[in-house]
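Please find below a short set of comments on the structure. They are arranged as numbered points and may be read alongside the sequence.

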There are 2 protein chains.
Amino acid sequence: MHLFYTPDLTDDSYRLSEEESKHCVRVLRLVEGDILNLVDGKGLFCEAVITSAHPKACELKIVDKKADYCRRDFHLTMAVAPTKNIDRYEWFLEKATEIGIDVVIPVISRYSERKEIKPERLEKVMVSAIKQSVKAYLPQLEPAQPFKVVVKAPFSGKKFIAHCDEGEKVLLRDAVTKGEDVLILIGPEGDFSAEEVESAIMEGFVPVSLGDSRLRTETAALVACHTVNLINQ
Amino acid sequence: MHLFYTPDLTDDSYRLSEEESKHCVRVLRLVEGDILNLVDGKGLFCEAVITSAHPKACELKIVDKKADYCRRDFHLTMAVAPTKNIDRYEWFLEKATEIGIDVVIPVISRYSERKEIKPERLEKVMVSAIKQSVKAYLPQLEPAQPFKVVVKAPFSGKKFIAHCDEGEKVLLRDAVTKGEDVLILIGPEGDFSAEEVESAIMEGFVPVSLGDSRLRTETAALVACHTVNLINQ
């Protein structure tokens, strides 16, 4: 399957960008009459036929459309502190996109060593992952936000904070219910501060454990993401 | 916590290697009387005190020993085809070590693009991961083996093969029982061949699905590893 990401698709015909036309015609060597697939990142999955295999402006005609393609009946939002080494964050985004995630909020907390992200590069990783895993929904990457803003934002589902400190915690596995929207907070390498955990609890977050293993930030985030997906399987 | 990997630890005193002595004395700036921890990779977790902070031959005295440190009551063996891009395999090994795995078998199957691995580099990744996640057991990395050998080897637990082809499959989540030893086969980018799946079934492997998402080899392997760990939580 040749899948293209076409976020600006609105019509029944489409012209691939110069870069994608080149990929389609020169690299994949597709010709007039060949079939390819398009996703718009908002749930639309299309089958298209090449009407003109121009290497700089390849023209397509949409022949089949599926809306809400593989739509899931729950939403997973994860507020994850960017890792010091951004490769590890990109890796998390790639894997979470493959497994299933709806919204990612880079949360900047007290012990965050990295306080900024470059969204363009992270978006690219996610676009590449939806193409690779044939998904019609592109996860939404929000701008980096301070911890205080994230914990106070309204959210109409269950809210969890994973942290490594002492204190009463339930296993995330036992706290998630199938079909329910979920928001999970994952801290940076130095974890959330005790004050942050406390303020999250005040805002209705339930403290959770991901098990006995000591996990890196990006591993913890992925484990939490997969746990929610597994319960919803 | 300063954790060192000391596979040759047998006595109540220990001399760190030249490289680790340097790390201990010059980088961490530890001095005589400071406490550090040692794991031997076979379940032994020790507390040691520095008796001589020599930058090339740092001497330690063991002051406390715990055998079978954080021993788990199940064994997870994963036979995973090496990925074409070895970084992705290293990534899987790092994450699986953090989450929990006992034996890794690089399995070479019909559509494997990579047919060889360099165990030294992969071992290093796992040693680094046990130090980071404070584990006393180092997962065992077996030599690369052909698919035929792996499926015919005796294994006294449940055996699963994950593949993407049609055919009757159960969800891995529903097929694993807590406390049971498990062996899971994960194929290369091109998946296992139909003949390979058939021959595994003949040898008692149960075909499993990891869910609806189309996952890369290393993501599938990690998802399977985490599923087994979650059920055993």
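1. A salt bridge joins B:Arg216 to A:Glu94, with 3.6 Å between the closest N and O atoms. The model discussed here is a predicted one. Across the interface of chain A and chain B, six salt bridges are found, and 23 residue pairs are in polar contact. On the side of chain A that touches chain B, the elements giving two or more residues are α2 (86-99) and α7 (217-231) of chain A. The most is given by α7(A), with eight residues.

2. The interface involves 27 residues of chain A in contact with 27 residues of chain B. About 2500 Å² is buried between the two chains, 50% of it on carbon and sulfur atoms. In chain A, the residues that lose the most area to chain B are A:Arg173, A:Arg214 and A:Gln233, which together account for 24% of what that side buries.

3. How is chain A superposed on chain B? A rotation of 180 degrees, with 0.0 Å of shift along its axis, achieves this with an RMSD of 0.0 Å. The two copies are thus related as by a two-fold rotation axis. Of the interface residues of chain A, 100% are also interface residues in chain B, so the copies meet through the same surface.

4. The largest nonpolar core contains 91 residues, and A:Met78 and B:Met78 have the most contacts inside it. Beyond its neighbours within four places in sequence, A:Met78 is in contact with residues including A:Phe92, A:Ile101, A:Ile184 and A:Cys225.

5. Strand β3 (residues 35-39) of chain A contains A:Asn37. This residue, A:Asn37, is buried, because its relative accessible area is 9%, under the 20% cut-off.

How values were computed:
Residues numbered from 1 in each chain as written. Chains lettered and ligands numbered in written order. Predicted model: local features only at pLDDT ≥ 70, side-chain atom pairs only at ≥ 80, totals over all residues. Heavy atoms only, no water. Least-squares fit on C-alpha atoms with pLDDT ≥ 70 in both. Contact = heavy atoms within 4.5 Å. Core = buried A, V, L, I, M, F, W, Y, C linked by side-chain atoms within 4.5 Å. Buried < 20%, exposed > 50% of the residue type's maximum accessible area, 1.4 Å probe, protein only. Helix = DSSP H or I, 4+ residues; strand = E, 2+ residues; numbered from the N terminus. Buried area = accessible area lost by both parts, 1.4 Å probe. Salt bridge = Lys/Arg side-chain N within 4 Å of Asp/Glu carboxyl O. Polar contact = N/O pair within 3.5 Å; in protein donor to acceptor, adjacent residues only side chain to side chain.
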